[in-house]
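Here are a few short exercises to help you find your way around a new structure. Try each task yourself before you read its solution.

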Amino acid sequence: MVLLLGVNFHEMALVKKALESFYGLGPQASTRIMAKYTIYPRARLGTIPPKTVTALTAELSTMTLENDARRIVQDNIKRLRDMGTYRGRRHAMGLPVRGQRTRNQIETAKKLNKIERGGTSSKI
């Protein structure tokens, strides 16, 4: 088991997938981090040296990840609601926010907008 930012990963896990498992870290950012530490794109966590694992953990600790990133998204949605913008009202009603049609097939948007993207399930 390899410890990255307090999370245990199996040694056979791909480094790219392990990095992308953190909320707020996508494919481009994980590729950029791997390039910075000269890690092969298909490298496994068990094959990289411990010094690099420590450097990766230090790099990740400086970034806005997990709960902090969720809180930022939640605060942005709350700000839109408080201002009374169109997007804020759509979030509050649980409807599609980005211009999708609502005549048919809006179940996914209703599911996603019920939660405030931060884990709370209250709806105003």
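**Exercise 1.** Find how much area the protein chain exposes and what share of it carbon and sulfur atoms supply.

*Solution.* Start with the total: in this predicted model, the protein chain exposes about 8600 Å². Next, take the share by atom type: carbon and sulfur atoms supply 54% of that area. Then turn to the residues: 31% of the 124 count as buried, a label that needs under 20% relative accessible area.

**Exercise 2.** List the secondary structure of the protein chain in sequence order, then decide whether the chain is spread out or compact.

*Solution.* Begin with the count, which is six helices and two strands. Reading along the sequence gives the pattern β-β-α-α-α-α-α-α. Now compare two numbers: the radius of gyration is 19 Å, well over the 14 Å from the globule rule for 124 residues, so the chain is more spread out than a compact globule. Finally, look at the box filled by the C-alpha atoms, roughly 50 × 30 × 25 Å along the principal axes.

**Exercise 3.** Work out which residues touch the most other members of the largest nonpolar core, and which elements give two or more residues to it.

*Solution.* The core has 19 residues, and those touching the most other members are Leu-4, Val-15, Leu-25, Leu-45 and Leu-60. Two or more residues come from each of strand E1 (2-4), helix H1 (15-20), helix H2 (27-36) and helix H3 (50-61). Now follow one member: beyond its neighbours within four places in sequence, Leu-60 contacts Leu-4, Leu-5, Leu-19, Phe-22, Leu-25, Ile-33 and Leu-65.

Notes
Residues numbered from 1 in each chain as written. Predicted model: local features only at pLDDT ≥ 70, side-chain atom pairs only at ≥ 80, totals over all residues. Heavy atoms only, no water. Helix = DSSP H or I, 4+ residues; strand = E, 2+ residues; numbered from the N terminus. Rg over C-alpha atoms; globule rule 2.2 N^0.38 Å. Buried < 20%, exposed > 50% of the residue type's maximum accessible area, 1.4 Å probe, protein only. Areas by Shrake-Rupley, 256 points an atom, 1.4 Å probe, with all protein chains shown as cover. Core = buried A, V, L, I, M, F, W, Y, C linked by side-chain atoms within 4.5 Å. Contact = heavy atoms within 4.5 Å.
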